[in-house]
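User: Could you take a close look at one part of this model for me, the second of its sheets, and then tell me how it sits with everything around it? An informal walk-through is fine.

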Amino acid sequence: YLYTGAHRLLIKDSFIKFWIQKHHAINTEEIIIKGSTIVYGKLSEEIFHMAKRFICTDSFIKNVEICYKPFTESIKELVVIRNDYYGIL
């Protein structure tokens with residue numbers, strides 16, 4: 001269970017695999033990922049529909065699609081620095 005009304009969602013030192021088919025909306029304005037490993041699947045629904053800022057730093061990212069096609073169309077600021085990428089572009 002994830003509290004769905006937070007202003008900021010911070011994920012730190014984690015292993016993340018996004019593969020969400022159905023879920024309730026997560027009403028956060030900012031998504032921050034630091035020092036994590038991200039195996040990115042696709043979201044079948046837009047669950048971060050209010051997010052305006054996506055920040056990902058010092059992480060290992062398998063699918064670089066996460067950098068040019070964020071989780072939602074509402075993202076206005078995308079910050080992706082000091083990451084290692086592996087996989088196919």
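Analyst: Let's start with the sheet itself. In this predicted model, four strands line up in the order S2-S4-S6-S8 as an open sheet, and their pairing is parallel. The edge positions go to S2 and S8; each has a single partner strand, so one side of each is left without a neighbour in the sheet. In general terms, strands of a sheet pair through backbone hydrogen bonds, and they can do that parallel or antiparallel.

Inside the sheet, S4 and S6 (residues 60–61) run parallel and are joined by 2 bridges. One pairing to look up in the viewer is Ile38, whose bridge partner in S6 is Ile61. Ile38 also turns up in the largest nonpolar core, a set of 17 residues, where Ile33, Ile38, Phe48 and Phe54 have the most contacts. The elements giving two or more residues to that core are S1, S2 (15–18), S3, S4 (37–40) and S5 (53–57). S2 and S4 belong to the sheet you asked about, while S1, S3 and S5 belong to another one.

That other sheet is open as well, with 4 strands in the order S1-S3-S5-S7 and parallel pairing. Its edge strands are S1 and S7 (77–81), each pairing on one side only. From one strand to the next, the twist averages 5 degrees. S1 and S3 (residues 30–34) run parallel and share 5 bridges, and 5 bridges also join S3 to S5, again parallel. You can follow a row across these strands through Ile32: Leu10 stands opposite Ile32 in S3, and Ile55 is the bridge partner of Ile32 in S5.

S1 (residues 8–12) has a neat alternation. Leu9 and Ile11 point to one face and are buried, whereas Arg8, Leu10 and Lys12 point to the other face and are not. Ile11 is also among the residues touched by Ile33, once neighbours within four places in sequence are set aside. The list for Ile33 ties the two sheets together: it includes Ile16 and Ile38, as well as Phe54, Ile55 and Cys56. Thr57 and Ser59 are on that list too.

Phe54, another of the core residues with the most contacts, has a partner far along the chain. Leu78 and Phe54 are 24 residues apart in sequence, yet their C-alpha atoms are 5.0 Å apart in space. Leu78 is found in S7 and counts as partly exposed, with a relative accessibility of 37%.

Now for the loops that lead into your sheet. Asp13 lies in the loop between S1 and S2, and Asp58 is found in the loop between S5 and S6. Phi of Asp13 is near 50 degrees, a positive value in a residue other than glycine, and phi of Asp58 is near 50 degrees too. As background, most residues other than glycine have a negative phi. In terms of solvent, Asp13 counts as exposed at 60% relative accessibility, and Asp58 as partly exposed at 39%.

Asp58 brings us to Asn83, which is found in the loop between S7 and S8 (84–85). With a relative accessible area of 11%, Asn83 falls under the 20% cut-off, so Asn83 is buried. The side chain of Asn83 reaches the backbone nitrogen of Asp58 at 3.2 Å. A polar contact of 3.5 Å also joins the side chains of Asn83 and Tyr85. Leaving aside neighbours within four places in sequence, the contacts of Asn83 are Cys56, Thr57, Asp58, Ser59 and Ile61. Among these, Ile61 is the S6 residue that bridges to Ile38, which takes us back to the middle of the sheet we began with.

Finally, the chain as a whole. The secondary structure comes to 1 helix and 8 strands, and from the N terminus the elements run β-β-β-β-β-β-α-β-β. Of its 89 residues, 38% count as buried. Among contacts with a separation of 6 or more, 38% are between residues 24 or more positions apart. The accessible surface is about 5800 Å², with 55% of that belonging to carbon and sulfur atoms.

Terms used
Residues numbered from 1 in each chain as written. Predicted model: local features only at pLDDT ≥ 70, side-chain atom pairs only at ≥ 80, totals over all residues. Heavy atoms only, no water. Buried < 20%, exposed > 50% of the residue type's maximum accessible area, 1.4 Å probe, protein only. Pairing = 2+ DSSP bridges. Core = buried A, V, L, I, M, F, W, Y, C linked by side-chain atoms within 4.5 Å. Contact = heavy atoms within 4.5 Å. Axes fitted to C-alpha atoms, helices over the stretch in contact; angles between N-to-C directions. Polar contact = N/O pair within 3.5 Å; in protein donor to acceptor, adjacent residues only side chain to side chain. Areas by Shrake-Rupley, 256 points an atom, 1.4 Å probe, with all protein chains shown as cover.
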